[in-house]
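Subject: A structure to look through

Hello,

I am handing over a structure for you to look through, and my notes on what was found in it follow below. Please keep the sequence and the 3D view open while you read.

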Amino acid sequence: MRSRSTLARPKGVAGRLVLLALFLAVATPLLLVGISRARAQVRATAVRSAPQSPAQADTAGDISGTRIRPSSVTTVNFRQLAEMARRAAASRGPATNVQTLQAAPLPGTVNDSPEGTLPSASSAAGADDADAVGGPGPVLQDEAGGPSAASPSPSQNFLAQEDGPKVGTTSFTIPPDTNGAVGIDRVFTNTNSNYRIHDKATGAPLSTVSTDTFWASSGASGFFDPQIVFDPYQQRWLLAITSNASSANSSINVAVSQTSDPAGSYHIYRFIVGCAPGAANCNAAGEWADFPMIGFNKNWLTVTVNMFQINGTGPGGAQSNVNFRAAVLDYASLRGGTAGGTIFRGTGIGFCNYPVTTYSPTEETLYLIRHLSSAGATYGISRITGTPAAPVFTPAQVALTRPGGGWTQPGGDMLPQTCAAGVGAPTQVCPATLRKIDPGDSHIRSNPAFRNGRIYYAQTIALPAGAGTATDAFGNVFVTADRTAAQWTVVNASSGAFVDGGRVEDPTATPTNGGKWYAYPSVSVNKHGDILMGFSEFESDDYADAGYAFRLGTDAAGTMRDPVIYKEGEDYYQKTFSGTRNRWGDYSHTVIDPSNDRDMWTVQEYAQLRVGTTGTGSNDSRWGTWWAKVSAPAGGNDLLISEFRLRGPNGANDEFVEVYNNSGADLTVTTVDGSAGFAVAASDGIIRCTIPNGTLIPDRGHYLCVNSAGYSLAAYPAGNGTTATGNAAYTTDIADNVGIAIFNTANVANFSLATRLDAVGSTSEANTLYREGAGYPALNASFNLDYSFVRDNCGKAGSPTWLGQCPTGGFPKDANDNAVDFYFVEPLGTDAGGGQRLGAPGPENLSSPIQRNAQMPGFLLDSSAGTSNPPNRVRTVTPDVPNNSTFGTLTLRRRIVNNTGAPVTRLRFRIIDLTTFPAPAGYADLRARTSGPVVVAGVNDAATCSPAPAPCTVTVQGTTLEEPPSQPNGGAFNSTLSAGTVTLATPLAPGQSINVQFLYGIQQTGTFKVLVNIEVLP
């Protein structure tokens, strides 16, 4: 925002003053809508039926696409549903002892050997494949022989859901179908039984509704296989579930939240995809949909399903897999409350062809990946391209081979466990023959992830390859493998080439020796390439546990760190509900924390304590699901060196290093190598200070390291009653012009580019580990100046002539080039070799106020007067030479509004862009000054006058130039001005505003600019 005008000036003074304005954020008005209680619970929307016409997408092979519209569109509010359920429970009285036992449809599977009709192709690295790691194949890591480094312990963990009845009923369900997602401030747990929302910070459950209640408005029934993901870019919760099994009304049901609040309102869509026996384009035995798989990118939300016969013609009347569907839905229309999309059908889609969760706001292609053959270790990649309204489905063209050899597809009850009498109650006993647990199969059953051109997926495998089958004591067939493993794979999405992969396994395990078996894995990857894989663990001498394994993006190829069991199993588990399988799974979910795109969460199943007198009743065993959060270490750009100096008025020891949290969320210091914290070190290899593990650096907050032998800025104001003292101190001088760096480890032996978070050094620093780019200009060490190097918070390199708004929006520039990321400031404008620029050091620590431009918008004091007119801008021409105002003064007045949602107890303004010394001719030379309060009459702005009517008279508070250091030439770059009337005793309440003014002395007239960052507490 910029305006130009010609102002009155003293005779003989040439030039003009042009206001560019404070750096301000404009917030969208908040619309509040009242809703009457139960009547607003569900709102149905009429859907106009339309004939299904051919889609714009092309057909590929035997795949055809048809436009699809939902059979129903409704709106529900989770919070209202939960409240109605609570009231209903209170009115029912004591629960009945009669239980209804429900087993979700057993997910259909297929024999994956032979591998099918796709032509084979090796996915080994080629010379032209820049993404492939090469080599003969993956390193297959196992717990016994893998790296000695441990996975980090959970930073948080809590119960996701217990094995209880659906809310408002006595119906119990197996298996849980373990799932969930994580949002900005909430966690959302899904199971076949219930949906539960948790407080993210504490894990406390906030509200729970049954799956049946949530989806009831769709008109479908018999809901199973819940799926959920959180879109971090659109801030929406995306849910899918299938219903009406074994019927022509079989449906894919989709829900999209209207906001980022999971307890708010959802658009719910039902798509009937089943067909009756004898119907056109349908198998003669009819078709119904099983196992929904959800994925998304910027264009589409896609749900794929496996289609099975309604009237089974397989052995014993088994329902055979006969077809597949892919509902490719226009994502924007779903968010808007309408639903347009294409349903693709055909055997060419393939079994369990899973669309990815796309961690990219710009990726145009939505990828799908499927497992093909265990014996052949093959997989295939499909693609959805085109436009949101006209998608094109391209199925996998070749069977790609995963290096490392094949395996056996698991099946039947084969996961070992133990039993001990009297664990849950003294009277409980163990069955004569222990039942093992169903491992599922090798198909991709948990959400694959796409990031940076790669696809990440996990699967359960049985080893060794070629294992046979046998019949257990219960008359059921199972695979006679030695063990199962959790296998992870990374492939290049574009070429399909294998990139990396491995296995979490115990090669010594057998069904009886207490070795570890792993099953139902899920995987995700953060912005730094770190991977978390969650799973359940099973042993013949233990109960079923919930665990995970972690991998840093810089760890050796093919390796995971040692597993962590974060929730121990508590008892023996046996639940079949008259079926043939001891059901577990059928899947799990591992996700990225959208708050920082770095931390990761996993929700896994474990065995809870049995209930009942004997513990052997049909519903006496209990499953549970449990969340774990893993705080991944900070990576590149998460923490930055934002200001520093290596010498000052007190000599060589008058130095400090300021660290800034650039991650976009609160950051808790966590290392993965067992070291003490994050180290700030110089290129001599000596650590100057360590930020200890567990330290929380607020989003956009700072941590300050100082040399206690000479640091002279400890009195510079910081928070409420605090000053800029060091959060950590050292006494060993950092030599002039040498490089400094921060690492995500305090183990010097581990210092490397892989562990470096940021570095800054001069052109004379030879070690590139301690500088970025060529380095900043080396300084003349003979000057003991009150200087600092400041990271550019505007993006204009401290230029006094670059006009316009800040390219970085008021945030630190990080081009990985010290020469352009930092500029030199000094209160006298002295040139010591780093460039001449008037300004001041302003070190910040953990107690300092934090930039909150977006939450503290600023407005003209009087919007009716115009930007360049009084009272918004006041120009005086009276010289005041002692106060750096040779050509008078310029006063800018603004109304600042507290939209933080909390009382503001500290308010100050940091100058990030200014025309000042040494400004060339034609540009103003402005100097920030302290000002006092003034009374302004005739203000005709209703918002400023409120609650009084306009016009009105208001008080405009002055601002104080903060020192030290002394700034005899006035404030400039990096100087701060405080609003002293905002204190702990007199805070600025939420929604309230304060009128402030900024006084600048004019040492040279001309075009000018002023931009400031707004810093507040809390």
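How do the residues of the lining of the largest pocket divide into nonpolar, polar and charged? Before the reply, please bear in mind that this is a predicted model. The lining divides into 22 nonpolar, 21 polar and 7 charged residues. The pocket itself has a volume of about 900 Å³, and among its 50 lining residues T109, V110, Q409, D441 and R581 lie nearest its centre. The elements that give two or more residues to this lining are β16 (288–296), β27 (454–463), β29 (477–479) and β32 (517–525).

Next come the enclosed spaces. There are 5 cavities of 30 Å³ or more, and the largest of these cavities has a volume of about 170 Å³. It is lined by 19 residues, of which Y660, H702, N793, E844 and E1015 are the closest to its centre, while β39, β40, β49 (788–791), β51 (850–851) and β62 (1010–1017) each give two or more residues to the lining. By class, this lining holds 5 nonpolar, 7 polar and 7 charged residues. The second largest cavity, with a volume of about 110 Å³, is lined by 10 nonpolar, 2 polar and 2 charged residues, and R647, D736, L779, N780 and Y787 lie nearest its centre.

Strand β40, already named in the lining of the largest cavity, deserves a second look. All 6 of the 6 residues of β40 (residues 656–661) are buried, so this strand is largely enclosed by the rest of the structure. In general, the side chains of a regular strand alternate between the two faces of the sheet. In β40, F656, E658 and Y660 are buried on one side, and V657, V659 and N661 are buried on the other. Strand β39 (residues 639–645) runs antiparallel to β40 and is joined to it by 6 bridges, with R645 opposite F656. Strand β45 (residues 702–707) is also antiparallel to β40, through 5 bridges, and here Y660 stands opposite H702.

Finally, there is an open sheet of 4 strands in the order β6-β38-β37-β36, with antiparallel pairing. Because β6 (156–162) and β36 (589–592) stand at the edges with a single partner strand each, one side of each is left without a neighbour in the sheet. The twist averages 25 degrees from one strand to the next. Within this sheet, β37 (residues 600–608) and β38 (residues 622–630) pair over 9 bridges, and Q608 has R622 as its bridge partner.

Best wishes

Conventions: Residues numbered from 1 in each chain as written. Predicted model: local features only at pLDDT ≥ 70, side-chain atom pairs only at ≥ 80, totals over all residues. Heavy atoms only, no water. Pairing = 2+ DSSP bridges. Axes fitted to C-alpha atoms, helices over the stretch in contact; angles between N-to-C directions. Buried < 20%, exposed > 50% of the residue type's maximum accessible area, 1.4 Å probe, protein only. 1 Å grid on protein atoms, 1.4 Å probe; cavity = no way out; pocket = protein on both sides within 12 Å on 5 of 7 lines; lining within 4 Å. Points joined across faces, edges and corners; volume = space filled by probe spheres on them. Nonpolar A, V, L, I, M, F, W, Y, C, P; charged D, E, K, R; others polar.
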